[in-house]
Amino acid sequence: MRKPLLLTILFVITISCNCFSQDLVFEKIIQIDTTKSKEILFDRLNSKLIDYFGGQSNFNKNIIQSDKENGVIKIKQEIAYNKNEFMNSANGVIDFNINVFFKKGRCKILIDNIIHIGMGISMGNITEDKEYPYSETNYLKFRKRKWAEIKEFIYSEMPKKISAIKKILNTPLEQENNW
């Protein structure tokens, strides 16, 4: 009688620990020129993103939401994760969303929904947990090691994305210049 009860309690604790893990999120509020409207800031990023994605059709594939009136751009992105190790089944991609919210003279950049998709083993949603938080036990030692490596990689890459957006937003478009 005690054994099934103990197993049930252990199962509930394991599930609840996984359910309460917080997804990893990067957030930064950037002050720009306070005289610039949200529409100007929106146009700066929007036009550079079209160039970045190589044209309007590729831009449309990667944009989740682009709303000038409300001052929101949401972008679906991915970066390659490749540790150059022979037969590394964790090599693959990191998918994530970049959300940029505009107000007069400032914007908020939010990077969320970070997911690792490996060629063999995927880590799934990346959370704030220091240790591998999921209950899969096959190759657990490998998963724990790769979890830490992938998080280190993400912590090195996401600030670069934020810096690139900040640089774009601080660079005026040609239309803004007085000719």
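Start with the whole protein chain: it holds 4 helices and 6 strands. Keep in mind that this is a predicted model. Follow the chain along its sequence and the pattern reads α-β-α-α-β-β-β-β-β-α. Of its 179 residues, 35% count as buried. Switch on the surface: the chain exposes about 11300 Å², and carbon and sulfur atoms supply 55% of that area. Now think about contacts with a separation of 6 or more: residues 24 or more positions apart account for 59% of them.

**Stop 1: the nonpolar core**

Select Phe102, Ile109, Ile111, Ile114 and Ile154. These residues have the most contacts inside the largest nonpolar core, which has 37 residues. Which elements each supply at least two residues of this core? Colour strand S1 (26-31), helix H2 (38-52), strand S3 (72-81), strand S4 (92-103), S5 and H4 to see them. H4 gives the most, with 8 residues.

Zoom in on Ile114. Leave aside its neighbours within four places in sequence. Ile114 is then in contact with Leu24, Phe26, Ile94, Asp95, Phe96, Gly124, Asn125, Ile126 and Ile154.

**Stop 2: helix H2**

Select H2, which has 15 residues. From its first C-alpha to its last it reaches 21 Å, close to the 21 Å expected at 1.5 Å a residue. Which residues of H2 are buried? Pick out Leu41, Phe42, Arg44, Leu45, Asn46 and Leu49. They pack against helix H3 (56-62), strand S2 (63-67), S3, S4, S5 and H4. Then step past the end of the helix. Gly54 follows H2, and its phi is positive, near 80°.

**Stop 3: an unusual angle in S5**

Go to Asn113, in strand S5 (residues 106-118). Most residues other than glycine have a negative phi. Asn113 has a positive one, near 55°. Is this residue buried, partly exposed or exposed? Asn113 counts as partly exposed, because its relative accessibility is 31%, between the 20% and 50% cut-offs.

**Stop 4: aromatic pairs**

The structure holds 6 aromatic pairs. Select Tyr81 and Phe153. Their ring centres are 5.2 Å apart and their planes stand at 70°, so this pair is edge-to-face. The pair links distant parts of the chain: Tyr81 sits in strand S3 and Phe153 in helix H4, 72 residues apart. Tyr81 is buried, with a relative accessible area of 1%.

Move on to Tyr132 and Tyr134. Here the ring centres are 5.6 Å apart and the planes are at 75°, so this pair is edge-to-face too. Tyr132 is buried, with a relative accessible area of 8%. Tyr134 is partly exposed, at 25%. Add Trp147 to the selection: ring pairs link Tyr132, Tyr134 and Trp147 into a cluster.

**Stop 5: Thr127**

Finish at Thr127, in the loop between strand S6 (124-125) and helix H4 (140-169). Why does Thr127 count as buried? Its relative accessibility is 2%, and buried means under 20%. Show the side chains. The side chain of Thr127 makes a polar contact with the side chain of Asp129, at 2.8 Å. Now hide residues up to four places away in sequence. Thr127 still touches Ser21, Gln22, Asp23, Leu24, Pro133, Tyr134, Trp147 and Lys151. Two of these names come from the last stop: Tyr134 and Trp147 belong to the ring cluster.

Technical notes. Residues are numbered from 1 along each chain as its sequence is written. Side-chain values use heavy atoms; hydrogens and water are left out. Buried means under 20% relative accessible area, exposed over 50%, partly exposed in between (1.4 Å probe, protein chains only). A polar contact is a pair of N or O atoms within 3.5 Å; within protein, one must be able to donate a hydrogen and the other to accept it, and residues adjacent in sequence count only if both atoms are side-chain atoms. Contact means heavy atoms within 4.5 Å. A nonpolar core is a set of buried Ala, Val, Leu, Ile, Met, Phe, Trp, Tyr and Cys residues joined through side-chain atoms within 4.5 Å. The expected span of a helix is 1.5 Å times one less than its number of residues. Rings of Phe, Tyr and Trp (its six-membered ring) pair if their centres lie within 6.5 Å; planes under 30 degrees apart count as stacked, over 60 as edge-to-face and the rest as tilted. Accessible areas come from the Shrake-Rupley method with a 1.4 Å probe; for residues, only the protein chains shown count as cover.
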